[in-house]
Structure formats: structure tokens, C-alpha cells
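Please examine the sequence and the three-dimensional model shown below before reading further. The explanation then moves from the whole chain to single residues.

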Amino acid sequence: MSAIAGIDQALWELKGKYYNAPVYDLMGGGCRDSIRVYSWIGGDRPSDVGVAAKKVVETGFTAVKMNGTEEMQCIDSYDKVDQTIERIVAVREAVGNDIGIGIDFHGRVHKPMAKILAKELEPYRPMFIEEPVLAENNEALREIANCTHIPIATGERMFSRWDFKSILADGYVDIIQPDLSHAGGITETKKLQLWRKHISCEE
Ligand SMILES: [Mg+2]
């Protein structure tokens, strides 16, 4: 799918150059003038993340994203949980309550510890947790979603609309994150977007 994405995006590029138009015009035109974005701030050490978060917020970002944790065993120590909380607290203390914090588990956690982390993180009001488990363990998302109110994001390791089919149908994921360069390109991802509307009946 990465190879197909490469060809797909090259073809959009050629067509855009031929018509001297940006791709969004070829796809029907722009829909918005601005969009909220987050800035990556790392996340391995509390002192680093606090400083990094403050810096990007000062440049105008209203949201940040950071690593949640190092790799965790299926059942791991509360020490690692405490370290995760320590880093989130450092960011909250640096930037206050109004800044969005996305916390990327990066597929480094399995269901048992993901449930514990989600529960422990909830008081700090994260914007979302990302990849609480690897995509091949997506069946665990139901149980994780049922024990937290934090929105769940996933999708960067899912490679076509067929990979997204069950999570769209099941409804336990709140944010999908297809990587255009690995999920078949602009064309495949547009189909996924249309499908998302159809399945979830969202705007
Ligand atoms: Mg990620």
C-alpha cells in the first residue's frame, strides 16, 4: 500500500501541475481557512516535556502531543505508570488546563496496562490517547473504551479502508489517523473518508 500511495500521490502531483491547481481544488475545493494542529514535544523526561510544551504554546499552538510511556510488559510495574503521570503533570503545570494534550502510547502497551494508564490519566483531561494497543490487537479497544472517557485515536499502522472497516463499524475509536503515504495515498484515504461518513453517519 505504500508503493500504491507513492504512485497515487505522484499522479495527483502531475495532474495538479498540468492544471496549475492545488490537489484540494482538484478534489472539489477547500473546506476551511484554518485548522487546529498540535505540536510534537517528545515526552521521555518530565523536565524536557514541560519546557518543550511551554515553548510551542508560546509560538501559538493550542495542543501538543507526547509519548505516553516506554514499552510496557503485558503486566508491568506501577513505577512506569507513575513516571507517565509525572510527565503529564509536568506538561499541565507548564501550560495550564486549556491546552490539549494528545498522549501517544505508540503501540507500546497491552490491554491490561492500557486500561490502568487510561484510568490514571483521566484526571489530567487528555485530548486523546493514541494507539493504546497495536492495530493487530484492536479487539482490545472495546474494553479500553468502556473503562475510560478519554477519546481514543488510532490508525497510523492500518493500511487500507479494509483495515479501518471494523473500527468504524464498532465505534470505539474517536479519531482515525490514516497515514496517507502508507494507506494507499490520497485516493484510498478519500474513499475511507467517504466510508467513515456512511458508516458513522457523522458530518
Ligand atoms: Mg503515533
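The paragraphs that follow describe the overall form, the sheet, the crossovers and three loop residues.

The model shown here is predicted. Its chain contains eight helices and six strands. Followed along the sequence, these elements come in the pattern α-α-β-α-β-α-β-α-β-α-β-α-β-α.

What is the overall extent of the chain? Along the principal axes, its C-alpha atoms fill a box of roughly 55 × 40 × 30 Å. The radius of gyration is 19 Å, and this agrees with a compact globule because a globule of 203 residues would have a value near 17 Å. Of the 203 residues in the chain, 29% are buried. The contacts tell the reader how distant parts of the sequence meet: among contacts between residues at least 6 apart in sequence, 65% join residues at least 24 apart.

The next topic is the sheet. In general, the strands of a sheet pair through backbone hydrogen bonds, and the pairing is either parallel or antiparallel. Which order do the six strands of the open sheet take here? The order is β1-β2-β3-β4-β5-β6, and the pairing is parallel. The edges of this sheet are formed by β1 and β6 (175-176), each of which pairs on one side only.

The sheet can now be followed from strand to strand. Strand β1, residues 39-40, pairs with strand β2, residues 63-67, in the parallel sense over two bridges. Within this part of the sheet, W40 lies opposite K65 in β2. To pass from β1 to β2, the chain travels through helix α3 (residues 46-58), and the resulting β-α-β crossover is right-handed.

Strand β2 is also joined to strand β3 (residues 100-104); five bridges link the two, which run parallel. Here A63 stands opposite G100 in β3. Between β2 and β3 the chain crosses through helix α4 (residues 78-95), and this β-α-β crossover is right-handed.

Further along the sheet, β4 and β5 run parallel and are joined by two bridges. I129 has I152 in β5 as its bridge partner. As a general point on such strands, side chains in a regular strand alternate between the two faces of the sheet.

Attention now turns to the loops. N20 is located in the loop between α1 (2-19) and α2 (23-26). Although N20 is not a glycine, its phi is positive, at about 50°. Is N20 buried or exposed? N20 counts as exposed because it has 7 C-beta neighbours inside 10 Å, and a residue with 12 or fewer falls in that class.

R125 belongs to the loop between α5 (111-121) and β4 (128-130). R125, which is not a glycine, likewise has a positive phi of about 50°. Its 13 C-beta neighbours inside 10 Å are the reason why R125 counts as partly exposed.

A third loop, between α6 (141-146) and β5 (152-154), holds T148. T148 is partly exposed because 19 other C-beta atoms lie within 10 Å, whereas a buried residue needs 20 or more. Which residues does T148 touch, not counting those up to four places away in sequence? They are A118, K119 and E122. In addition, T148 and K111 are 37 residues apart along the chain, and their C-alpha atoms are separated by 13 Å.

Key
Residues are numbered from 1 along each chain as its sequence is written. This is a predicted model: local features need pLDDT of at least 70, side-chain atom pairs count only at pLDDT 80 or more; totals for chains, interfaces and linings use all residues. Helices (H or I, at least four residues) and strands (E, at least two) are DSSP runs, numbered from the N terminus. Two strands pair if DSSP finds at least two bridges between them. A crossover is right-handed if, with the strands pointing away from the viewer, the path from the first strand over the helix to the second runs clockwise. The radius of gyration is taken over C-alpha atoms; the globule rule is 2.2 Å times the number of residues to the power 0.38. Two residues are in contact if their C-beta atoms, placed from the backbone, lie within 7 Å.
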